[in-house]
Amino acid sequence: MTDNALLSGSVSSLRQQLRDRAVSSEELTRACLERIEAYNGALNAVITMCSEQALDSAREADKAIAKGDIASLTGIPLLHKDIFCTNGVRTTCGSRMLEQFVPAYDATVVTKMRGEGAVMLGKCNMDEFAMGSSNETSFFGAVRNPWDLNCVPGGSSGGSAAALAAGMAPLVTGTDTGGSIRQPASLCGVTGLKPTYGRVSRLGIIAFASSLDQAGPMARTAEDCAIALTAMSGVDAGDSTSADIPVPDFHAGLHHDVQGLRIGLPREYFNEDLDPDVRERVMAALSELELAGATLVDIELPHSHYAIATYYVIAPAEASANLARYDGVRFGYRCEEPVDLEDLYLRSRSEGFGEEVQRRILVGTYALSAGFYDAYFNKAQQVRRVITEDFTRAFESVDVIAGPSAPGVAFQFGAKQQDPVAMYMEDIYTLAVNLAGLPGLSTPAGLINGMPVGLQLIGKPFDEQTILNAAHRLQSDTDWHMARPQLETVAP
Amino acid sequence: MSVSPQDVEKVALLARLAISESDLPEVTERFGRVLGLVDELNTIDTETVVPMSNPHDMHQRLRPDTVTGQNDRENLMASAPAQEQGYFLVPKVID
């Protein structure tokens, strides 16, 4: 088997090849490591590699397969976003603050995926503390989009999306607080799933905004996302916000039937602000589902407009509280020769955090400060309920809500860096889903001038199955998800 | 609502962030732009709406207060930037 066939294979096909002994996990792992070594210089998608550890795990997996001891991800290489704590392996969160941080424990997601036999290759670059939509805020430098090295990969899980699109691993993890899985999935032409809030444990995920953060998989197909989601999910005694409800086997539950599926198209997502090319691609994808038996229904989410303002109070407020722990004392960056304790706090934080992180801490501190709490934080939490109730009402008449994943294709570096508000608009179609705690998925819907576009499918709470099924059907009838960047040409 | 450089300095102090004199005008301008964005919240009536802090209105689960992990002090303190005899080191606080 050629390396290229290995490097473009889906998790489900590689799993079969491993079981058939057509390929070994060691061969597969070596092919991925070589691919990372060959192209990471151009893409900067991976911050830390774990080559020796990965090869050891791969050999263990091969032994297990030989014995017939096979779990759902046995021998499958994967990359974790560098926001997941990994015992003994540096975890930076894309920040100078955690440049040298080596956790003493694993995130539950890491433990679970290892328990299913996955082989960790390394850790992916990301926007600093997951705050960004372009990966330009990483202390370790921006990630480049494998479809066009002059363009951003999206963010904050941009390193994960770029690595996956570049064939460095068949499976990657991300986190999504306001669109950080779905928007980079859209910009890099891969499938990405943000599960329902509470579906996946947040233990060991470096906290950004605790009522919004959720981890999920990115892969080449919806089927692979179903396999990975089953492996990641479940209640965790270490995360009191993880949901204590049964986890179905999403892969076993996958089917092609969308007959009678009612898909709602929010008027507010398809208004005159939507880029005509994006609209055309998204509608073409939805027409495929219509052809397969689904019904498209016009719906309203009347308060969609307020999602950005609501998010940019709640997320920074929660972040300012979460990031108060970085004080230069217990772990993380510490400034040189502090004159007193106050100086230690001030300089460690100002030197350790980048510009966007500091801006969000400032906004959050302001929103929570005496005299402004009611006007900003309390108000935003009220509007959050109004936005969530829009979805609840809409889901009385539809099974799935659809729209674009991002307002456009990948943009050039620097294009939105001067204006924070312009950058925030990248997540205009994804933020509300986090506020309402719903599952959302981005699946490729074709190209505009050679750059990928994503269709977003939003589900009812804890109904990831229905959006996975719809994406699976779409991917069975079309080949948009098969499009790959020509990396050999883009980065020779 | 417009903010002054003094407002930003005050918030920065609360957040324990140091902003240099030279950066202050730009930080104030960009901070103001974000506040301009969120001021939009004031155009919606939420008089009777209960604030939402968890998307499923979930309540905190309690668990029995039992020891589950082991004391891993050495390993956990290995990440501290400065330590001595199992304590975190900080600059002198009291003269």
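Colleague: Hi! How many helices and strands does chain A have?

Modeller: Hello! In this predicted model, chain A has 17 helices and 11 strands. Its radius of gyration is 21 Å, close to the 23 Å that the globule rule gives for 492 residues, so chain A is as compact as a globular protein of that length.

Colleague: Nice. And what share of the residues in chain A count as buried?

Modeller: That would be 62% of the 492 residues.

Colleague: Which residues touch the most other members of the largest nonpolar core?

Modeller: Among them are A:Leu78, A:Leu121 and A:Val313, in a core of 168 residues. Helix H10(A) gives the most to this core, with 9 residues.

Colleague: Let's zoom in on one. What is A:Leu121 in contact with, leaving aside its neighbours within four places in sequence?

Modeller: Its partners include A:Cys32, A:Leu33, A:Met49, A:Pro77 and A:Ala169. A:Leu78 is one of its contacts too.

Colleague: Changing topic: how do helix H10 of chain A and helix H2 of chain B cross?

Modeller: H10 covers residues 307–322 of chain A, and H2 covers residues 24–38 of chain B. Their axes come within 8 Å and cross at roughly 125 degrees. That makes H10(A) oblique to H2(B).

Colleague: Which residues meet there?

Modeller: From H10(A), A:Ile308, A:Ala309, A:Tyr312 and A:Val313 meet B:Val34, B:Leu37 and B:Val38 in H2(B).

Colleague: And how many residues of that contact are nonpolar, polar or charged?

Modeller: The contact of H10(A) with H2(B) has 7 nonpolar residues, no polar and no charged.

Key:
Residues numbered from 1 in each chain as written. Chains lettered and ligands numbered in written order. Predicted model: local features only at pLDDT ≥ 70, side-chain atom pairs only at ≥ 80, totals over all residues. Helix = DSSP H or I, 4+ residues; strand = E, 2+ residues; numbered from the N terminus. Rg over C-alpha atoms; globule rule 2.2 N^0.38 Å. Buried ≥ 20, exposed ≤ 12 C-beta atoms within 10 Å, placed from the backbone. Axes fitted to C-alpha atoms, helices over the stretch in contact; angles between N-to-C directions. Parallel < 35°, antiparallel > 145°, perpendicular 65-115°, else oblique. Contact = placed C-beta atoms within 7 Å. Nonpolar A, V, L, I, M, F, W, Y, C, P; charged D, E, K, R; others polar. Core = buried A, V, L, I, M, F, W, Y, C linked by C-beta atoms within 7 Å.
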